[in-house]
Amino acid sequence: MRIPRNLEVWRLGTVNYLKALKLQEKLASDRKINKITDTLLSLQHPPTYTLGKRRTDYNLLVPESELKNMGAELHYTQRGGDITFHGPHQAILYPIISLRDIGLGARKYVENLESTMIELSSLYGVKAHGQRKCETGVWVGDRKIGAIGVRISTGITSHGLAFNIDPDLTFFKHIVPCGIADKDVTSLRRETDLVLPDDEVIQEQLVSCFARLFGYNDIIWKDKNVIEIDD
Amino acid sequence: MASRLLWASKAASYLKISTFNRGFASVVKDLKYAESHEWVKVKGNSATVGITDHAQDHLGDVVYVELPEVGATVTQGSSFGAVESVKATSDINSPVSGKVVEVNEELSSSPGLVNGSPYENGWIIKVEISDTNEVSSLMDCEQYSKFCEEEDNH
């Protein structure tokens with residue numbers, strides 16, 4: 001008999017990248033000692049470029065000083081994956097979950113993250129696909145609509161996925177996104193003919209797709225202001 | 001059963017082919033195993049550490065291995081490095097405590113060795129063990145096989 005599994009979802013609004021990172025680190029260490037249940041952060045970031053553990057900063061095409069002029073930050077992280085951009089109207093999910101508890105390895109976990117975005121896309125009539133060899137992420141044709149970059153430490157996940165609802169795609173021109181030079185970046189707005197609801201609605205749908213794919217029985221929604229959570 | 005697995009994995013390794021369809025991942029007799037899917041080969045005070053076939057299969061194609069410095073201290077159960085696969089970095093934990101005496105530099109140019117030869121050419125670090133008693137808390141190949149089976153049947 002399977003024990004029912006709950007997912008606690010924190011709706012955080014727009015959060016500065018480093019604040020979100022600090023929060024994830026705290027939650028991951030709480031999750032590791034079973035102080036909390038599986039938790040999912042649902043948020044957006046102000047304009048931010050990030051690099052992964054391999055520090056592939058040769059894929060940043062402009063000097064860092066110019067990023068400041070654009071109003072964007074740059075951060076180095078311990079996640080997998082290459083350089084990417086986060087910004088308004090891009091839905092971010094950071095699952096802080098125990099992969100050991102559900103018997104998933106990195107490969108299957110990432111496949112499920114891809115499926116989450118593929119399912120969300122299909123709600124709007126957009127046929128996306130993932131699991132392309134050597135190019136993790138979610139694509140519509142040759143155009144990338146969703147990116148993944150994850151960290152797994154003692155079986156607990158952090159970082160996660162970024163799905164383009166309608167971000168300003170010109171920000172992607174200043175990088176070689178995910179290290180892939182010859183492919184375009186796209187968004188849900190570009191790919192669908194349907195009128196899109198507010199971001200919050202889409203983000204909620206994304207969370208529901210995640211919960212269903214990962215077999216959670218119940219979602220506990222919490223609206224949190226990050227400033228309140230600071231130590 | 002275990003020796004047939006050993007033969008199969010050695011043969012596959014020699015022929016440089018990927019082992020059989022994953023009904024089960026291969027294990028090697030005489031190694032000890034940690035719950036976080038690392039293996040250790042102990043000879044007196046010397047240990048060689050890597051990740052298991054089960055681990056590499058669940059990770060996907062490894063594209064990068066973060067190695068510790070020679071001379072670094074490792075602690076049983078704690079992270080000493082990481083691998084990256086499918087845009088995920090996964091920590092590697094040491095099954096033993098001690099000092100790193102050698103790292104597998106080949107992995108910098110050929111990280112895929114971890115997938116293709118997890119028990120041999122894909123070894124990750126060599127450690128001078130500080131406490132040989134710790135090894136008794138690890139699993140042998142039969143216990144580890146059972147552990148993997150239970151984990152996969154969630």
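**Helix α5, the open sheet of chain B and the salt bridges**

At the start of helix α5 of chain B, a side-chain oxygen of Asp140(B) comes to within 3.0 Å of the backbone nitrogen of Glu142(B). This contact, like every feature described here, is taken from a predicted model. The helix that follows covers residues 141–152, and because a rise of 1.5 Å a residue gives its twelve residues an expected span of 16 Å, the separation of 16 Å computed between its end C-alpha atoms agrees with that expectation. Its buried residues are Cys141(B), Tyr144(B), Phe147(B), Cys148(B) and Glu151(B); these cover an arc of only 115° around the axis, and therefore lie on the same side of α5(B). On the other side of the helix, Glu142(B), Lys146(B) and Glu149(B) are exposed, so that Glu142(B), whose backbone nitrogen is approached by Asp140(B), belongs to the exposed set.

Chain B as a whole contains five helices and nine strands, which succeed one another along the sequence in the pattern α-β-β-β-α-β-β-β-β-β-α-α-β-α. Of its 154 residues, 50% are buried, and among its contacts with a separation of 6 or more, 62% are between residues 24 or more positions apart.

Six strands of chain B are arranged in an open sheet, with the order β1-β2-β3-β9-β8-β5 and antiparallel pairing. The edges are formed by β1 (32–33) and β5 (73–74) of chain B, each of which pairs on one side only. For β5(B), the partner is strand β8 (residues 98–103) of chain B, and the two are joined in the antiparallel sense over two bridges; within this pairing, Thr73(B) has Lys99(B) of β8(B) as its bridge partner. In general, the strands of a sheet pair through backbone hydrogen bonds, in either a parallel or an antiparallel manner.

Side-chain pairing was examined next. Side chains of opposite charge can pair when their charged atoms come close, and over all chains the structure holds 15 salt bridges. In one of them, the side chains of Asp223(A) and Arg11(A) meet at 2.9 Å, N to O. Because Asp223(A) lies in strand β11 (residues 218–223) of chain A and Arg11(A) in strand β1 (residues 6–14) of chain A, this pair ties together parts that are 212 residues apart in sequence. Asp223(A) is exposed, with a relative accessible area of 58%, whereas Arg11(A) counts as partly exposed at 25% relative accessibility. Both residues also take part in a network of salt bridges that links Arg11(A), Glu204(A) and Asp223(A).

A further salt bridge within chain A is formed by the side chains of Arg31(A) and Asp38(A), at 2.7 Å, N to O. Here Arg31(A) is buried, with a relative accessible area of 6%, and Asp38(A) is likewise buried, at 5%.

The side chains of Lys53(A) and Glu66(B) meet in a salt bridge at 2.9 Å, N to O. Since Lys53(A) lies in the loop between β3 (48–51) and α2 (64–70) of chain A, while Glu66(B) lies in strand β4 (residues 62–66) of chain B, the pair joins two chains. Lys53(A) counts as buried at 10% relative accessibility, and Glu66(B) as partly exposed at 27%.

Terms used
Residues numbered from 1 in each chain as written. Chains lettered and ligands numbered in written order. Predicted model: local features only at pLDDT ≥ 70, side-chain atom pairs only at ≥ 80, totals over all residues. Heavy atoms only, no water. Pairing = 2+ DSSP bridges. Helix = DSSP H or I, 4+ residues; strand = E, 2+ residues; numbered from the N terminus. Salt bridge = Lys/Arg side-chain N within 4 Å of Asp/Glu carboxyl O. Buried < 20%, exposed > 50% of the residue type's maximum accessible area, 1.4 Å probe, protein only. Expected span 1.5 Å × (residues − 1). Arc of directions from axis to C-beta. Polar contact = N/O pair within 3.5 Å; in protein donor to acceptor, adjacent residues only side chain to side chain. Contact = heavy atoms within 4.5 Å.
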